[in-house]
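Please look over the sequence and the structure below before reading on. The paragraphs that follow go through the fold and the ligand site in turn.

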Amino acid sequence: AIQKEWTRVEDFNNGLLIPNDSGLDTARKTSEEAGLPDIAVSPNEGRFLYLLAKSIGARRCIELGTLGGYSTIWLARAVPLDGHVVTFELHEHHAKVAQKNFHSAGVSEKISLILGSARETLPKYESKEKFDLAFVDADKESSSLYFKELKRLVRKGGVIIVDNVVRRGKVADGTQLDSSSSGVRDIMHVIRDDHDVEATVINTVGSKGYDGFMMVYVK
Ligand code: SAM
């Protein structure tokens, strides 16, 4: 019953504050029709990423975990015309659907998709210009590895957002040993001991249940 209430409140808020965007709506629909799992960020979370990117004047964003490109399109909407979003995706089918969605949303020119496991592609990835914002939304097992690489790629004063770090309370329960919860606990310990960053976790409830994201500021 509480889940129904969370969804009702989220729908109310989104209805009031999030304008229709046919590119984003199409991306959700196309992804569902193509059989992709229903694990994209919710509209208000996408809007949060968009507003955060705008707030810090982000020109370049990097994303791990594209799926159908829903969050990628939000980021592309936030960066200026000469801005860019680089997104990493493991599955070819997801990547194909995402490319189609980028096209429909009119943002393909702002986005580069790197196909393959980010575990392999990210350590090899070099960029002349650093990134302002990173969104980590791929396999949670690899979170610490991703964090290490993103520190190399994100500018000082930049922000790294890591999604799904609460997992209905499982991460805060040391007896939960599934690889995703352990992966998130690992990165939280790495961040605690890293004096180059400052971080916090915001719990969230909504259409996707009880979860949360971590915001990491690179000093
Ligand atoms: N960010 C997307 C959004 O909100 O619209 C959702 C991403 S979904 C939660 C996670 C994605 O990460 C999936 O498409 C999955 O195939 C991808 N993924 C999983 N392991 C990966 C890896 N090692 N490298 C790159 N992508 C990976």
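Which elements each supply at least two residues of the shell around the ligand? They are helix 4 (70-78), strand 2 and helix 6 (118-124). The model is a predicted one, and its confidence should be known before the site is read in detail. The mean pLDDT of the protein is 98, and 100% of its residues reach 70 or more. The model also scores ipTM 0.99 and pTM 0.98.

The shell around the ligand has 21 residues, of which Ala-40, Gly-65, Tyr-70, Ser-71 and Leu-90 come nearest. Sorted by class, ten residues of this shell are nonpolar, seven are polar and four are charged. Two of the nearest residues, Tyr-70 and Ser-71, are also listed among the buried residues of helix 4. The rest of that list is Thr-72, Ile-73, Trp-74, Leu-75, Ala-76, Arg-77 and Ala-78. Helix 4 is largely enclosed by the rest of the structure, because nine of its nine residues are buried. Arg-77 is thus a charged residue that is found on the buried list.

The other element to follow from the ligand shell is strand 2, which leads into the sheet. The sheet is open and has seven strands in the order 3-2-1-4-5-7-6, with mixed pairing. Strand 3 (111-115) and strand 6 (197-206) stand at its edges; each has a single partner strand, so one side of each lacks a neighbour in the sheet. On average, neighbouring strands of this sheet are turned by 15 degrees against each other, direction ignored.

Strand 2 (residues 84-89) runs parallel to strand 1 (residues 60-64), and five bridges join the two. Val-85 in strand 2 is the bridge partner of Cys-61, and Phe-88 in strand 2 is the bridge partner of Leu-64. How many residues of strand 1 are buried? Five of its five are, and the strand is mostly covered. In a regular strand, side chains alternate between the two faces of the sheet. In strand 1, Arg-60, Ile-62 and Leu-64 lie on one side and Cys-61 and Glu-63 on the other, and both faces are covered. Helix 5 (residues 92-104) lies across strand 2 and strand 3. Its direction is at about 170 degrees to that of strand 3.

At the other end of the strand order is the pair formed by strand 6 and strand 7. These two run antiparallel, and ten bridges join strand 6 to strand 7 (residues 209-218). The connection between them is a hairpin through two residues. Val-205 stands opposite Tyr-210 of strand 7.

Strand 7 also holds Asp-211. Is Asp-211 buried or exposed? Asp-211 counts as buried because it has 20 C-beta neighbours inside 10 Å, and the cut-off for buried is 20 or more. Leaving aside its neighbours within four places in sequence, Asp-211 is in contact with Asn-164, Val-166, Arg-167, Arg-168 and Thr-204. Asp-211 and Glu-45 are 166 residues apart in sequence, yet their C-alpha atoms are 12 Å apart in space.

Two of the contacts of Asp-211, Arg-167 and Arg-168, deserve a look at their backbone. Arg-167 is found in the loop between strand 5 (154-162) and helix 8 (179-192), and Arg-168 lies in that loop between strand 5 and helix 8 as well. Arg-167 has a positive phi of about 55 degrees although it is not a glycine. For Arg-168, also a residue other than glycine, phi is positive and near 50 degrees. Arg-167 is partly exposed, because 19 other C-beta atoms lie within 10 Å. Arg-168 has 15 C-beta neighbours inside 10 Å and so counts as partly exposed too.

A last position to find is Lys-148, in helix 7 (residues 143-153). Lys-148 counts as partly exposed because it has 14 C-beta neighbours inside 10 Å. Lys-148 and Lys-130 are 18 residues apart along the chain, and 14 Å separates their C-alpha atoms.

Notes. Residues numbered from 1 in each chain as written. Predicted model: local features only at pLDDT ≥ 70, side-chain atom pairs only at ≥ 80, totals over all residues. pLDDT = per-residue confidence, 0-100. Pairing = 2+ DSSP bridges. Helix = DSSP H or I, 4+ residues; strand = E, 2+ residues; numbered from the N terminus. Axes fitted to C-alpha atoms, helices over the stretch in contact; angles between N-to-C directions. Contact = placed C-beta atoms within 7 Å. Near = placed C-beta within 6 Å. Buried ≥ 20, exposed ≤ 12 C-beta atoms within 10 Å, placed from the backbone.
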